[in-house]
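Visitor: I'd like to know what stands behind the labels people put on a model like this. Could you take me through them?

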Amino acid sequence: MKKHLIYFTLLVFSFTLVSCGFYSFTGASIPPGTKTYQVNRFENTALLIEPGLERDFKLALEDLIQNQTNLTLVQSNGDLVYEGEITDYRISPTTATSQNTAAQNRLTIAVKLRFFNTKKEEDDLEQTFTFFYDYPGSAQLLGAQKTTAHETIFERITQDIFNATLAKW
């Protein structure tokens, strides 16, 4: 009897998942017929230029979408198209010491996104996403510190972009 109950529960659960349509455990709501996405170059138009930043951001966004959906990355004619600019790359002090030196610095990156959904044009979006990383004022933003800062900021911005374009949060 217990075995039948387990089978019945699995059957009901399976039908529930199938009836939900295009649902993913990441919360993505992908319109029917959408199979591909493309990420165009994000030009770096910030006043302070960090070499390679646009390439690293593009790869981070491609990886996140690839890992959280079953969409296929294409170079052109994608059902979903992501493009934009890195509009701000700024280091500023956030707190000061009694000697008027920075106790803590903040790296801020802003990305202006243009998103096009060829299957559902009302989902098109143009929005700026920004995030920051704080680090000690005595430290230089070099090497591992810079890599960690970029990865932390990109992780947050790309997840925010995913949520705004596919999860609708």
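Guide: Sure, let's start with two helices: α2 passes α3 in a right-handed crossing. This is a predicted model, in which local features need pLDDT of at least 70, side-chain atom pairs count only at pLDDT 80 or more, and totals for chains, interfaces and linings use all residues. Residues are numbered from 1 along each chain as its sequence is written, and side-chain values use heavy atoms, with hydrogens and water left out.

Visitor: What makes a crossing right-handed?

Guide: The near helix is turned clockwise from the far one by less than a right angle; anticlockwise would make the crossing left-handed. Helices here are DSSP runs of H or I with at least four residues, strands are runs of E with at least two, and both are numbered from the N terminus.

Visitor: Why are α2 and α3 called oblique to each other?

Guide: Their axes pack at an angle of about 50° and lie 9 Å apart. Axes are lines fitted to C-alpha atoms, for helices over the stretch in contact, and angles run from 0 to 180 degrees between N-to-C directions. Under 35 degrees counts as roughly parallel, over 145 as roughly antiparallel, 65 to 115 as roughly perpendicular and the rest as oblique, so α2 and α3 are oblique.

Visitor: Which residues of α2 and α3 make the contact?

Guide: Contact means heavy atoms within 4.5 Å. On the α2 side they are Leu53, Asp56, Phe57, Ala60, Leu61, Leu64, Ile65 and Gln68, and on the α3 side His150, Phe154, Ile157, Thr158, Gln159, Ile161 and Phe162. They divide into ten nonpolar, four polar and one charged.

Visitor: How do you know that Phe162 is buried?

Guide: Buried means under 20% relative accessible area, exposed over 50%, partly exposed in between (1.4 Å probe, protein chains only). Phe162, in helix α3, has 1%, so Phe162 is buried. Phe162 and Ile65 are 97 residues apart in sequence, yet 7.2 Å apart in space, C-alpha to C-alpha.

Visitor: Why does Glu54 count as buried?

Guide: Glu54, in helix α2, has 19% relative accessibility, so the label is buried. Leaving aside neighbours within four places in sequence, Glu54 is in contact with Arg41, Phe42, Asn44 and Ile86.

Visitor: And what makes Glu85 buried?

Guide: Glu85 sits in strand β3, and a relative accessibility of 17% makes Glu85 count as buried. With neighbours within four places in sequence left aside, the contacts of Glu85 include Phe42, Lys112 and Arg114.

Notes:
Nonpolar A, V, L, I, M, F, W, Y, C, P; charged D, E, K, R; others polar.
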